[in-house]
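Subject: Structure for you to look at

Hello,

Here is the structure I said I would pass on. My notes on what turned up in it follow below.

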Amino acid sequence: MPSTRRVKVLAIALAIAVCTILYLSNDSSSQDFYSRTVAALDKKQASDQEVAQKLQDIKDAAKAQEPVAPTTPQKPIAASNEDGKPIEVKPPAYAEEQNSDNPTGRKADDDAKSVAGRKTMLKGGETKDLHSGKEAPMAVDREKEKYPAGKKVEKEEKVESKEDHEVEMELNSILKKGPIIIFSKSYCPFSAKAKRILLEKYTIVPAPYVVELDTHPLGPGLQAALAKSTGRRTVPNVLVSGRSIGGGDDIEALDAGGGLVEKVKGMAGKRIMEAKLTEEQ
């Protein structure tokens with residue numbers, strides 16, 4: 001049998017041989033992988049360059065198709081007559097007015113709005129007739145027409161005075177005195193006629209309430225308030241349930257026609273307990 005030392009030497013030699021074979025095989029495969037990687041990178045770079053070249057070609061073609069900017073037109077040569085003097089060509093009147101109104105040469109649609117096809121409303125608030133080309137004031141601001149220019153006029157607010165309040169309170173208090181109110185003046189013959197018919201010729205329960213405006217402290221104010229509420233300023237003014245049935249002549253006409261009682265009852269309703277001609281004694 002071989003000795004132990006020889007066996008160890010053979011084992012070590014065999015291990016070295018195996019390691020050498022493995023190293024050589026791994027080095028060969030690594031070189032193949034590196035070669036394949038480099039080849040793939042070169043192929044990709046070439047492809048990217050080809051794509052970039054195609055994009056550049058497309059941009060160049062697009063620039064070539066862009067329209068050429070128009071050149072500045074030359075000024076026309078002024079015509080001259082036989083003497084060599086230039087002939088002055090005057091534009092028509094409407095063209096001068098149009099140029100003066102629009103010196104910048106911008107379109108009229110930018111600065112104006114057509115109104116009913118007849119006038120254009122400028123930004124400044126004026127109007128311009130499309131036929132004559134002349135500007136005319138635009139009457140659209142009612143406040144400016146009502147008040148003078150440059151003056152600020154505040155609207156007057158009606159403030160109820162103390163006297164107006166007292167008149168209103170007094171009138172409401174009088175209307176509560178009864179269904180029939182006679183607003184009269186002590187010296188007025190028409191008032192006397194209305195009072196005689198309603199107070200003496202007829203028996204009305206409750207009796208008509210009489211207010212003598214010429215002796216009442218708020219008489220003028222009450223008369224003005226009656227004119228505003230009933231539309232009647234003269235006396236007498238006979239009210240039934242707050243509504244006027246007229247003056248002395250109206251009461252006389254109702255009495256003569258026999259419709260006074262019916263009129264009073266129809267307007268006052270159940271507030272009138274009794275209304276009839278007074279029985280002669």
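**Salt bridges between H6 and H8**

Lys201 is partly exposed, with a relative accessible area of 36%. Please keep in mind throughout that this is a predicted model. The partner of Lys201 is Asp255, and the closest N and O atoms of this salt bridge are 2.6 Å apart. Lys201 sits in helix H6 and Asp255 in helix H8, so the bridge links distant parts of the chain, with the two positions 54 residues apart in numbering. Asp255 itself is buried, at a relative accessible area of 13%.

A second bridge connects these helices: the side chains of Lys193 and Glu252 meet at 3.1 Å, N to O. Here too distant parts of the chain are linked, as Lys193 belongs to helix H6 and Glu252 to helix H8 (residues 248-257), 59 residues apart. Lys193 has a relative accessible area of 18% and is buried, whereas Glu252, at 36%, is partly exposed.

**Other charged side chains**

The structure holds 7 salt bridges. One of them joins the side chains of Glu274 and Lys276, again at 3.1 Å from N to O. Glu274 counts as partly exposed at 31% relative accessibility, and Lys276 is partly exposed with a relative accessible area of 37%. Elsewhere, Lys193, Asp249 and Glu252 form one network through salt bridges that share partners.

Which side chain of opposite charge is nearest to Lys185? That is Asp214, 7.1 Å away; Lys185 is buried yet has no salt bridge. A salt bridge needs a side-chain nitrogen of Lys or Arg within 4 Å of a carboxyl oxygen of Asp or Glu, so Lys185 and Asp214, at 7.1 Å, do not form one. Lys185 lies in the loop between S5 and H6. Leaving aside neighbours within four places in sequence, Lys185 is in contact with Ser191, Glu212, Leu213, Asp214, Gln223 and Val235.

**Nonpolar cores**

The largest nonpolar core has 17 residues, and the members that touch the most others are Ile180, Leu198, Ile204, Val238, Ile251 and Ile272. At least two residues of this core come from each of strand S5 (180-184), helix H6 (189-201), strand S6 (202-205), strand S8 (237-240) and helix H9 (260-268). H9 gives the largest share, 4 residues.

Ile180 is worth opening in the viewer. Apart from neighbours within four places in sequence, Ile180 is in contact with Ile204, Pro208, Tyr209, Val238, Leu239, Val240, Val264 and Ile272. There is also a second, separate core of 13 residues, which includes Ile174, Cys188, Leu213 and Leu222.

**A nonpolar patch on the surface**

Leu14, Val18 and Leu22 make a nonpolar surface patch of about 280 Å². Leu22 is placed in helix H1 (residues 4-65). Patch residues must have over 30% relative accessible area, and Leu22 passes that cut-off because its relative accessible area is 48%, which makes Leu22 partly exposed.

Regards

Note on methods: Residues are numbered from 1 along each chain as its sequence is written. This is a predicted model: local features need pLDDT of at least 70, side-chain atom pairs count only at pLDDT 80 or more; totals for chains, interfaces and linings use all residues. Side-chain values use heavy atoms; hydrogens and water are left out. Patches are made of residues with over 30% relative accessible area and no salt bridge: like charges are joined within 9 Å, nonpolar side chains (Val, Leu, Ile, Met, Phe, Trp, Tyr) within 5 Å. Accessible areas come from the Shrake-Rupley method with a 1.4 Å probe; for residues, only the protein chains shown count as cover. Buried means under 20% relative accessible area, exposed over 50%, partly exposed in between (1.4 Å probe, protein chains only). A nonpolar core is a set of buried Ala, Val, Leu, Ile, Met, Phe, Trp, Tyr and Cys residues joined through side-chain atoms within 4.5 Å. Contact means heavy atoms within 4.5 Å. Lys and Arg count as positive and Asp and Glu as negative; His and the chain ends are not counted.
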